[in-house]
Amino acid sequence: MTIALVASHVASGQLIVNGRNLNNDPNVEYIQLMYYIDKASIKPVFFIDYGFIEPEYNDILYPERPDLQDISINGETVTDRISVVGVLNRMHQAGWEYLGDVVYVPLRVMNNWHIYTLRRK
């Protein structure tokens with residue numbers, strides 16, 4: 001009985017980025033949670049890379065835009081009032097597994113991004 005409850009919880013997980021549910025996309029197996037601390041507000045700014053090269057990719061190249069992505073996890077919007085650990089915990093509940101790597105990009109153009117790779121469970 002417990003296995004069925006866990007499986008249904010993971011299957012119903014939702015990671016939505018700009019209106020696109022990544023949990024329902026069969027072509028997305030790996031994603032990267034990226035964040036930096038905004039120097040003006042000292043708050044985190046989150047971004048999800050799911051393997052696209054589109055015009056919105058400019059948001060990474062031009063991080064001065066504070067409205068990078070609209071991200072929600074299981075119906076809760078990710079805001080600047082949550083830590084990266086809180087986001088990772090929510091992503092785990094939504095069916096994404098952290099792989100244990102962290103990349104720190106100390107470049108001005110990248111605004112000192114921290115990058116975490118996750119895989120669909």
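This briefing describes the sheets, one helix, two individual residues and the confidence of a predicted model. The model contains an open four-stranded sheet with the order β2-β1-β5-β6 and another open four-stranded sheet with the order β4-β3-β8-β7. Helix α3, residues 84-93, lies across strands of the one sheet, namely β1, β5 and β6, and also across β3, β4, β7 and β8. The mean pLDDT of the protein is 81.

**Confidence**

- Of the residues of the protein, 73% reach a pLDDT of 70 or more.
- Among the elements, β5 has the highest mean pLDDT, at 97, while helix α1 (residues 2-11) has the lowest, at 44.
- Residues 1-10 have a pLDDT below 50, and this stretch makes four contacts in the model beyond near neighbours in sequence.
- Where pLDDT is low, predicted coordinates should not be read in detail.

**The sheet β2-β1-β5-β6**

- The pairing in this sheet is antiparallel.
- Its edge strands are β2, residues 20-21, and β6, residues 76-77; each of them pairs on one side only.
- Strand β5 covers residues 71-73 and pairs with β6 in the antiparallel sense over two bridges.
- I73 has E76 of β6 as its bridge partner.

**The sheet β4-β3-β8-β7**

- Pairing is antiparallel in this sheet too.
- β4 (44-49) and β7 (96-105) are the edge strands, each with a single partner strand, so one side of each has no neighbour in the sheet.
- Neighbouring strands of this sheet are turned against each other by 20 degrees on average, direction ignored.
- Strand β3, residues 30-37, pairs with β4 in the antiparallel sense over six bridges.
- Q32 has D49 of β4 as its bridge partner.

**Helix α3**

- Where α3 lies across β1 (15-17), β5 and β6, the helix runs at about 55 degrees to β5.
- Where α3 lies across β3, β4, β7 and β8 (113-120), the helix runs at about 160 degrees to β3.
- V84, G86, V87, L88 and M91 are buried residues of α3.
- The cover over the buried residues of α3 includes β1 and β5, along with β3, β4, β7 and β8.
- G95, just after α3, takes a positive phi of about 105 degrees.

**N21, in an edge strand**

- N21 is part of strand β2, which is one of the edge strands of its sheet.
- N21 counts as buried because its relative accessibility is 15%, and the cut-off for buried is under 20%.
- The N21 side chain reaches the backbone nitrogen of N23 at 3.0 Å.
- Apart from neighbours within four places in sequence, N21 is in contact with G13, Q14, L15 and I16.

**D38, in a loop**

- D38 sits in the loop between β3 and β4, two strands that pair with each other.
- D38 has a relative accessibility of 24%, so this residue counts as partly exposed.
- Apart from neighbours within four places in sequence, D38 is in contact with K43 and V45.
- D38 and N111 are 73 residues apart along the chain, and their C-alpha atoms are separated by 8.3 Å.

Methods. Residues numbered from 1 in each chain as written. Predicted model: local features only at pLDDT ≥ 70, side-chain atom pairs only at ≥ 80, totals over all residues. Heavy atoms only, no water. Pairing = 2+ DSSP bridges. Contact = heavy atoms within 4.5 Å. Axes fitted to C-alpha atoms, helices over the stretch in contact; angles between N-to-C directions. Buried < 20%, exposed > 50% of the residue type's maximum accessible area, 1.4 Å probe, protein only. Polar contact = N/O pair within 3.5 Å; in protein donor to acceptor, adjacent residues only side chain to side chain. pLDDT = per-residue confidence, 0-100.
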